[in-house]
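Grab a pencil and get ready to poke around a protein chain. Try each task on your own before you read the solution below it.

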Amino acid sequence: MSRAFVALGGNVGGPATRLLAVMGEFDSLPHTRLLRASSLYRTAPVGYADQPDFINAAVLLETGLPPDALMDELLAMETRHGRVRHVRNGPRTLDLDLLLYDDLILNGDPALIVPHPRLHLRSFVLAPLVEIEPECVLPRHGRAASILERMMDRDEVRRIDFPGLDDGLQVLRRLGQGLMPRAYA
């Protein structure tokens with residue numbers, strides 16, 4: 001079994017509710033189970049700025065799927081959740097990015113680059129990643145936490161605190177077939 005980190009994001013159609021629902025769907029992927037899920041974070045859009053703020057998170061999956069098959073499953077999940085690609089970096093219901101897959105470095109296929117090519121540049125991805133894997137090391141770049149500490153916009157990535165969110169995450173963690181606290185994974 002392999003370990004894969006996936007970033008989740010969205011900014012239209014109830015993104016916080018959608019991300020929590022998607023976290024609950026990872027166990028339904030073939031040969032895959034959810035091990036850890038981050039909190040939700042609110043961030044300003046990158047690139048195309050005339051759109052709502054994004055809600056972001058990260059998960060750690062244990063999977064028997066090879067990277068290309070996992071990516072196909074992630075793209076299918078996006079489609080099921082109404083993802084339509086009109087504008088690069090534009091509004092979306094759901095964005096799922098394969099960040100890391102074991103210690104693999106894949107760059108032969110532009111549709112599947114691992115580690116994600118902009119992972120080390122995005123505080124909105126690093127913050128939830130570091131939450132679920134504080135000692136995470138990015139191939140060619142070093143410790144994710146150290147990279148995040150040096151980022152100028154890291155304070156603009158804000159953990160969402162609203163009534164019921166922590167309760168909802170805890171229920172999700174208890175109900176997830178494979179989900180377990182970091183101490184036990």
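The exercises below walk through this predicted model, starting with the whole chain and ending with single residues.

**Exercise 1. Take stock of the chain: how many helices and strands are there, and what share of the residues is buried?**

Step 1. Count the elements: the chain has five helices and 10 strands.

Step 2. Turn to burial. Of the 185 residues, 49% are buried.

Step 3. Look at the surface. About 9400 Å² is exposed, and carbon and sulfur atoms supply 53% of that area.

Step 4. Check how the chain folds back on itself. Take the contacts between residues at least 6 apart in sequence: 68% of them join residues at least 24 apart.

**Exercise 2. Find out which stretch of the model has a pLDDT below 50.**

Step 1. Begin with the overall score: the average pLDDT is 85, and 84% of the residues reach at least 70.

Step 2. Now go to residues 175–185, where the pLDDT is below 50. This stretch still has 23 contacts in the model beyond near neighbours in sequence.

Step 3. Decide how to read it. Where pLDDT is low, the predicted coordinates should not be read in detail.

**Exercise 3. Work out which elements supply at least two residues each to the largest nonpolar core.**

Step 1. Get the core itself: it holds 28 residues, and those with the most contacts inside it are L8, F26, V59, L70, L74, L96 and L98.

Step 2. List the suppliers. On the strand side they are β1 (2–10), β2 (32–37), β4 (54–63), β5 (95–101) and β7 (112–114). Helices α1 (15–25) and α2 (67–80) contribute as well.

Step 3. Zoom in on L8. Leaving out residues up to four places away in sequence, L8 touches L19, V22, M23 and F26, as well as I55, N56, A57, A58, V59, D95 and L96.

Step 4. Look for a second core. Apart from the one around L8 lies another, of 24 residues, including F5, Y41, A127 and M151.

**Exercise 4. Compare two helices: where do the buried residues of α1 sit around the axis, and how many residues of α3 are buried?**

Step 1. In α1, pick out the buried residues: P15, A16, R18, L19, V22 and M23.

Step 2. Those residues span an arc of only 160 degrees around the axis, so they sit on the same side of α1.

Step 3. In α3, nine of the 10 residues are buried, leaving this helix mostly covered. Among them are F124, L126, L129 and I132.

**Exercise 5. Trace the salt bridges: which parts of the chain do R33–E62 and E133–R36 link?**

Step 1. Start with the total, which comes to five salt bridges.

Step 2. Take R33 and E62. Their side chains meet at 2.7 Å, N to O. R33 is in strand β2 and E62 in strand β4, 29 residues apart, so distant parts of the chain are linked. R33 counts as partly exposed, at 28% relative accessibility.

Step 3. Next come E133 and R36, with their closest N and O atoms 2.2 Å apart. E133 is in the loop between α3 (123–132) and β8 (137–138), while R36 is in strand β2, so this bridge ties together parts 97 residues apart in sequence. Both E133 and R36 are buried.

Step 4. Follow the shared partners: R3, R36 and E133 are joined into one network.

Step 5. Add R92 and D95, which form a salt bridge at 3.1 Å between the closest N and O atoms. Both R92 and D95 are buried.

**Exercise 6. Hunt for backbone oddities: which peptide bond is cis, and what is the phi of H31 and of D102?**

Step 1. The cis bond runs from V114 to P115, with omega near -5 degrees. P115 is in the loop between β7 and α3.

Step 2. H31 is not a glycine, yet its phi is positive, near 55 degrees. H31 sits in the loop between α1 and β2, and it is exposed, with a relative accessible area of 58%.

Step 3. D102 is no glycine either, and its phi is about 45 degrees. D102 is in the loop between β5 and β6 and counts as partly exposed, at 36% relative accessibility.

Methods
Residues are numbered from 1 along each chain as its sequence is written. This is a predicted model: local features need pLDDT of at least 70, side-chain atom pairs count only at pLDDT 80 or more; totals for chains, interfaces and linings use all residues. Side-chain values use heavy atoms; hydrogens and water are left out. Helices (H or I, at least four residues) and strands (E, at least two) are DSSP runs, numbered from the N terminus. Buried means under 20% relative accessible area, exposed over 50%, partly exposed in between (1.4 Å probe, protein chains only). Contact means heavy atoms within 4.5 Å. Accessible areas come from the Shrake-Rupley method with a 1.4 Å probe; for residues, only the protein chains shown count as cover. pLDDT is the predictor's confidence in each residue, from 0 to 100. A nonpolar core is a set of buried Ala, Val, Leu, Ile, Met, Phe, Trp, Tyr and Cys residues joined through side-chain atoms within 4.5 Å. The arc is that of the directions from the helix axis to the C-beta atoms. A salt bridge is a side-chain nitrogen of Lys or Arg within 4 Å of a carboxyl oxygen of Asp or Glu.
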